[in-house]
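I opened the notebook to go through one chain, starting from a single residue and working outward. The entries follow in the order I looked things up.

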Amino acid sequence: MILRRGPVLALALLWSLPLQGFAAPGPAQTTLEYSVKANYLVRFAAFVEWPAQAFAGPQSPVVICVVGRDPFSGALDRAARGQTAHGRTLTVRRPGTAEAAAGCHILYVGRGGSDIVPIGPRPVLHVTDGAASSDRGMIHFVIDDERVRFHIDLQAASRSRLSISSRLLNLALSVRGG
């Protein structure tokens with residue numbers, strides 16, 4: 001039972017971590033912000049269910065992709081290293097084309113990445129960032145009260161045949177279509 005609570009506790013801890021001095025972000029605040037966001041991206045995998053056909057096989061990894069400018073400076077790779085979700089390893093890629101991004105399960109859209117997002121209904125969790133764009137994905141990062149928080153668009157996730165756990169929904173600032 002403790003193992004099941006681990007991801008929820010980790011998300012709650014990340015949510016409560018203040019980004020002191022974020023109003024005028026310096027290198028340390030930016031590094032902390034993207035370290036927190038990287039950890040969220042990895043943790044999201046445990047709270048989202050994809051249809052079986054989203055994976056090539058039962059041992060296929062959950063692929064986290066970054067398109068556009070990569071703000072993580074290696075933090076995402078470090079956060080994903082050795083992690084699993086639903087019995088699958090996590091792997092990180094940085095595809096340069098929409099065709100290459102078609103194999104992603106979680107797609108973080110950084111600055112300039114909207115042209116690389118695959119078109120059409122696919123079981124891909126789109127994650128956007130208020131620091132990069134006002135466009136909103138299924139999960140949209142924002143800074144609220146000096147903390148990294150997020151909004152969830154449950155309708156968009158459902159259209160892509162993704163199921164988001166109520167435990168993650170409870171941590172969101174808002175849930176559209178919930």
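Entry 1. Where is I119 found? I placed I119 in the loop between β5 (106-109) and β6 (125-129). I note here that the model is a predicted one.

Entry 2. Is I119 buried or exposed? I read a relative accessible area of 74% for I119. The cut-off for exposed is over 50%, so I119 goes down as exposed. I also took one distance from I119: its C-alpha lies 8.9 Å from the C-alpha of A102, and the two residues are 17 apart in sequence.

Entry 3. I then turned to the chain as a whole. I counted six helices and ten strands in the chain. Of its 178 residues, 46% count as buried. I have the accessible surface of the chain at about 8900 Å², with 53% of that belonging to carbon and sulfur atoms. For contacts between residues at least 6 apart in sequence, I noted that 57% join residues at least 24 apart.

Entry 4. Which residues touch the most other members of the largest nonpolar core? I found F44, L125 and F150 in that role, in a core of 43 residues. Helix α2 (residues 27-44) gives the most to this core, and I put its share at seven residues.

Entry 5. I followed F44 further. What is F44 in contact with, once its neighbours within four places in sequence are left aside? My list for F44 reads L125, V127, I139, F141, F150 and L168. Apart from the largest core I logged another one, of ten residues. Its members include V63, C104, V109 and V117.

Entry 6. I looked at the largest pocket next. I have about 400 Å³ of space in the largest pocket. How many residues line it? I counted 23 lining residues, and V117, H126, T128, R136 and G137 lie nearest the centre of the pocket. V117 is thus a name I have written twice, as a member of the ten-residue core and as part of this lining.

Entry 7. Which element gives the largest share of the lining of the largest pocket? I have β6 down for that, with three residues. Both β6 and α5 (154-159) supply at least two residues each to the lining. By class, I sorted the lining into six nonpolar, ten polar and seven charged residues.

Methods: Residues numbered from 1 in each chain as written. Predicted model: local features only at pLDDT ≥ 70, side-chain atom pairs only at ≥ 80, totals over all residues. Heavy atoms only, no water. Core = buried A, V, L, I, M, F, W, Y, C linked by side-chain atoms within 4.5 Å. Buried < 20%, exposed > 50% of the residue type's maximum accessible area, 1.4 Å probe, protein only. Helix = DSSP H or I, 4+ residues; strand = E, 2+ residues; numbered from the N terminus. Contact = heavy atoms within 4.5 Å. Areas by Shrake-Rupley, 256 points an atom, 1.4 Å probe, with all protein chains shown as cover. 1 Å grid on protein atoms, 1.4 Å probe; cavity = no way out; pocket = protein on both sides within 12 Å on 5 of 7 lines; lining within 4 Å. Points joined across faces, edges and corners; volume = space filled by probe spheres on them. Nonpolar A, V, L, I, M, F, W, Y, C, P; charged D, E, K, R; others polar.
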